[in-house]
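Here are a few exercises to work through with the model open beside you. Try each task before you read its solution.

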Amino acid sequence: MSRVPGSWPPVEIEPPVLHPNAPAPGTDLGVHFAECFGCGEVEGGLHLRSSVGDDQTVQSKFTVTRAHQGAPGLAHGGLLACAFDEALGSAVGNLLRRPAVTGRLETDFRRPVPVGSTLYIEARLDGTAGRKIYVSADGRLDAPDGPVAVSARGLFVQVGIEHFSTHGDPQALEKLAEAQRKNQINP
Ligand SMILES: CCCCC/C=C\C/C=C\C/C=C\C/C=C\CCCC(=O)SCCNC(=O)CCNC(=O)[C@H](O)C(C)(C)COP(=O)(O)OP(=O)(O)OC[C@H]1O[C@@H](n2cnc3c(N)ncnc32)[C@H](O)[C@@H]1OP(=O)(O)O
């Protein structure tokens with residue numbers, strides 16, 4: 001089967017401009033929401049751990065457990081895609097600090113990812129076009145310079161904060177915003 005990737009990003013883009021209060025390279029990004037399936041303290045969740053890398057990147061680690069299987073001993077592709085959604089969203093949210101949601105996410109699964117292995121994911125900002133934010137990532141097996149097992153490209157669309165209160169849980173959102181106001185040095 002031939003693989004013909006389309007051009008990326010698919011539209012003319014501006015270079016991404018980091019938010020003035022974006023965390024510096026090396027910063028541990030912690031958990032953005034305790035009940036997040038990607039990074040929160042959720043049983044069976046992905047427990048992704050992320051930090052800021054150089055050159056407008058976020059580096060994340062995802063260790064595959066038995067809770068993440070599709071076939072015996074192998075990661076489920078949908079959960080791998082979830083890990084990339086989280087890693088790409090973390091790059092958008094932390095480096096640009098623009099509220100945004102995933103509009104489109106495409107994944108290429110290049111190698112099997114066994115239970116017990118750790119994916120080292122590097123997510124990068126590729127560019128912006130108005131509300132559209134283009135990001136991509138590679139996930140390497142068991143080492144930052146291991147073979148690429150999964151690649152992903154995402155389009156995030158900037159939304160107003162009311163997107164989350166209208167469609168989500170406004171009380172939980174307010175509690176989260178309050179906790180962030182208390183903890184944040186650079187709001
Ligand atoms: C207060 C400041 C806060 C800052 C944040 C700070 C800190 C946060 C820190 C960290 C966050 C950390 C981690 C984040 C972790 C995880 C991320 C997970 C993210 C998700 O998992 S989130 C859930 C899944 N996600 C959805 O639940 C979205 C459902 N969806 C919609 O809500 C709408 O669909 C929406 C809003 C996407 C668009 O709707 P809309 O009406 O606003 O805008 P519209 O449709 O006009 O699209 C505008 C332009 O995007 C193009 N466009 C749109 N979709 C496209 C597609 N699929 N393919 C190609 N192009 C597309 C259009 O073609 C148009 O392009 P053009 O402008 O050129 O015409």
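**Exercise 1. Find which residues have the most contacts inside the largest nonpolar core, and which elements supply that core.**

Solution. Start with the core of this predicted model: the largest nonpolar one holds 34 residues. Ala83, Phe84, Ala87, Leu88, Ala91 and Val135 have the most contacts inside this core. Next, look at where the core residues come from. At least two residues each are supplied by helix 1 (77-96), strand 2 (57-63), strand 4 (118-129), strand 5 (132-141) and strand 6 (148-158). Helix 1 gives the most, with 11 residues. As a background thought, nonpolar side chains in soluble globular proteins tend to be buried together.

Now zoom in on Leu88. Leaving aside residues up to four places away in sequence, Leu88 touches Ala123, Val135, Ala137, Ala152 and Gly154.

**Exercise 2. Describe the residues around the ligand by element and by class.**

Solution. Begin with the residues that come nearest: of the 21 around the ligand, these are Gly89, Gly93, Val101, Gly103 and Arg104. Then assign the shell to elements. Helix 1, strand 3 (100-109) and strand 6 each provide at least two of its residues. Helix 1 gives the most to the shell, with six residues. Finally, sort by class: the shell has nine polar, six nonpolar and six charged residues.

**Exercise 3. Decide whether Asp126 is buried, partly exposed or exposed, and list what it touches.**

Solution. First place the residue: Asp126 lies in strand 4. Then count its neighbours. Asp126 has 18 C-beta neighbours inside 10 Å, so it counts as partly exposed; a buried residue would need 20 or more. Now list the contacts, again skipping residues up to four places away in sequence: Asp126 touches Pro9, Ile13, Tyr134, Val135 and Ser136. Pro9 deserves a second look, since Asp126 and Pro9 are 117 residues apart in sequence, yet their C-alpha atoms are 7.3 Å apart in space.

**Exercise 4. Work out how much helix and strand the annotated domain contains.**

Solution. Take the boundaries from the record: an unreviewed UniProt entry lists residues 73-138 as "domain: Thioesterase". Over residues 73-138, the chain is 30% helix and 44% strand. The C-alpha atoms at the two ends of this stretch are 22 Å apart.

**Exercise 5. State the confidence scores of the model.**

Solution. Read the chain first: its mean pLDDT is 95, and 97% of its residues reach 70 or more. Then take the model scores, which are ipTM 0.96 and pTM 0.96.

Notes. Residues are numbered from 1 along each chain as its sequence is written. This is a predicted model: local features need pLDDT of at least 70, side-chain atom pairs count only at pLDDT 80 or more; totals for chains, interfaces and linings use all residues. A nonpolar core is a set of buried Ala, Val, Leu, Ile, Met, Phe, Trp, Tyr and Cys residues joined through C-beta atoms within 7 Å. A residue is buried if 20 or more other C-beta atoms lie within 10 Å of its own, exposed if 12 or fewer, and partly exposed in between; C-beta atoms are placed from the backbone. Helices (H or I, at least four residues) and strands (E, at least two) are DSSP runs, numbered from the N terminus. Two residues are in contact if their C-beta atoms, placed from the backbone, lie within 7 Å. pLDDT is the predictor's confidence in each residue, from 0 to 100. A residue is near a molecule or strand if its C-beta atom, placed from the backbone, lies within 6 Å of it. Ala, Val, Leu, Ile, Met, Phe, Trp, Tyr, Cys and Pro count as nonpolar, Asp, Glu, Lys and Arg as charged, and the others, Gly among them, as polar. UniProt positions are given in the numbering used here, feature names are shortened, and annotations may be inferred rather than shown by experiment.
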